[in-house]
Amino acid sequence: MIKNRYDFMILFDVHDGNPNGDPDMTNMPRTDPDTGHGLVTDVCMKRKIRDCISGLMNGQDGFGLYIDNDMSLNAKDKAAADAVGVSLTAKKGKGESKKLSAEDAEKVKDELCRRYFDVRMFGGVFTSMAGTTCGNLRGPVQFSIARSVDPVAVLDLSLTRKAVTTDEDYNDEGKRSTFGNKYIVPYGLYRGFGFVSPQLTDKTGMAPDDLILLFKSLFSMFDLDHAAARGLMTMQKVIIFRHDGEYGRYSANDLFKSVSVHSDCDVPMMFSDYDIDVADCPDGVEVRELNCLSDVDSLVGWLV
């Protein structure tokens, strides 16, 4: 299991795309109305990681996804329970309880952790085991909402569609062209934060290899998630702080403040317009800067 605490910062950018649309705002890019900074939710980041793992591991045993649309969550709970010989559908009779025993709930939870990568990393809520100590499982890896370093501009591009859906509309020449729109951020550099709590890895079974795969997915997730709406998105840098113990000596906020991200350009339009400076780490903390996918190999033996 992981023995050290890790805090990490991610820096990714978008060119002429919508990094995270808000369905309540006609899918406009999410922004902070008070500051104009762009936002990308932690849920969006986890979804991209899940989809990337699905592509990288191609359904290998132990690397399934619990939060996915392949089957219902109750069906996944039942399949895990059946695999370890536990019944989730026993009828409640007089003087009997349908609630799982602590031992049976632990068996099912362990099997779910073994099967699903996202459960080992992010935890989960198992409705089939509600009321047991394993019904809610807190994961050792968590993300913050990412926020753009500078305020972003949101452009609304008008589009025409040279096609119609129904014969009725096609027979009306005035409806043969329809109008639509597309929202983009011309450029934005986003900064987000992640946290690895080693004291929770015993509960989910997350191992160093899982964590290395997570960092690989950070550099691969945008390349495996191209879409016309998202433009060009790139993970530019991951900065990892390793503490010398399970709880560390410093708060994550203090370490993140040691990273300076600034630009002298009036309107930054590319990552090279920014200067990234990392101050010397205090005693008991080591730092690694990753700039591309191949740099992740250097973490083998360092993530412990």
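Which helix is Ala79 found in? Select Ala79 and you land in helix α2, residues 73–83. Before going further, keep in mind that this is a predicted model.

**Stop 1: Ala79**

With a relative accessible area of 30%, Ala79 is partly exposed, because that value falls between the 20% limit for buried and the 50% limit for exposed. Now add Glu111 to your selection. Ala79 and Glu111 are 32 residues apart along the chain, and their C-alpha atoms are separated by 9.5 Å. Keep Glu111 in mind, as this residue turns up again later in the tour.

**Stop 2: helix α7**

Next, colour α7, which covers residues 208–220. This helix has 13 residues and reaches 19 Å from its first C-alpha to its last, close to the 18 Å expected at 1.5 Å a residue. Is α7 largely enclosed or largely open? Of its 13 residues, 10 are buried, so α7 is largely enclosed by the rest of the structure. Among the buried ones are Leu211, Ile212, Leu213 and Leu214, along with Ser217, Leu218, Phe219 and Ser220. Two other buried residues of α7, Asp210 and Phe215, get stops of their own.

If you like turning a helix in the viewer, here is a handy thing to know. An α-helix has 3.6 residues a turn, so residues three or four places apart point the same way.

**Stop 3: Phe215 and its aromatic company**

Show the side chains of Phe215 and Phe8. How many aromatic pairs does the model have? The count comes to 12. In the pair formed by Phe8 and Phe215, the ring centres are 5.1 Å apart and the planes sit at 75°, so this one is edge-to-face. Phe8 belongs to strand β1 (residues 6–17) and Phe215 to helix α7, so the pair ties together parts that are 207 residues apart in sequence. Both Phe8 and Phe215 are buried, so you may want to hide the surface here.

Now add Phe122 and Phe143. Together with Phe8 and Phe215, they form one aromatic cluster.

**Stop 4: Asp210, Arg120 and Phe63**

Stay with α7 and pick Asp210. Its side chain meets that of Arg120 in a salt bridge, at 3.1 Å from N to O. Asp210 is in helix α7 while Arg120 is in helix α4 (residues 117–122), so this pair ties together parts that are 90 residues apart in sequence. Asp210 and Arg120 are both buried.

Before you leave Arg120, show Phe63 as well. Arg120 lies over the face of Phe63, at 5.3 Å from the ring centre.

**Stop 5: salt bridges around helix α1**

How many salt bridges are there in the model? The count is 19, and helix α1 (residues 42–57) is a good place to look at some of them.

Start with Arg47 and Asp68, whose side chains meet in a salt bridge (3.9 Å, N to O). The pair links distant parts of the chain: Arg47 sits in helix α1, Asp68 in the loop between α1 and α2, and they are 21 residues apart. Arg47 is partly exposed, at 26% relative accessible area, and Asp68 is partly exposed too, at 28%.

Now select Lys48. Which residue does Lys48 form a salt bridge with? The partner is Asp225, and the closest N and O atoms are 2.6 Å apart. Lys48 lies in helix α1 and Asp225 in the loop between α7 and β11, so the pair ties together parts that are 177 residues apart in sequence. Lys48 counts as buried, at 8% relative accessibility.

Zoom in on Asp225. The loop that holds this residue runs between α7 (208–220) and β11 (232–243). Asp225 is buried, with a relative accessible area of 17%. Leaving aside residues up to four places away in sequence, Asp225 touches Lys48 and Arg230.

For a salt-bridge network, select Asp61, Glu111, Arg114 and Arg115: salt bridges that share partners join these residues into one network.

**Stop 6: strands β4, β8 and β10**

Finish with the strands. Show β4 (residues 37–40) and β8 (residues 146–151), which pair in the antiparallel sense over 3 bridges. Which residue in β8 does Leu39 stand opposite? Pick Arg147 and you have found the one facing Leu39.

Then add β10 (residues 178–196). β8 and β10 also pair in the antiparallel sense, over 2 bridges. Click on Ser148 and look across to β10, where Tyr190 is the bridge partner. As you look along the strands, remember that in a regular strand the side chains alternate between the two faces of the sheet.

Technical notes. Residues numbered from 1 in each chain as written. Predicted model: local features only at pLDDT ≥ 70, side-chain atom pairs only at ≥ 80, totals over all residues. Heavy atoms only, no water. Helix = DSSP H or I, 4+ residues; strand = E, 2+ residues; numbered from the N terminus. Buried < 20%, exposed > 50% of the residue type's maximum accessible area, 1.4 Å probe, protein only. Contact = heavy atoms within 4.5 Å. Phe/Tyr/Trp six-rings, centres within 6.5 Å; stacked < 30°, edge-to-face > 60°. Lys NZ or Arg CZ within 6 Å of the ring centre and 35° of its normal. Pairing = 2+ DSSP bridges. Salt bridge = Lys/Arg side-chain N within 4 Å of Asp/Glu carboxyl O. Expected span 1.5 Å × (residues − 1).
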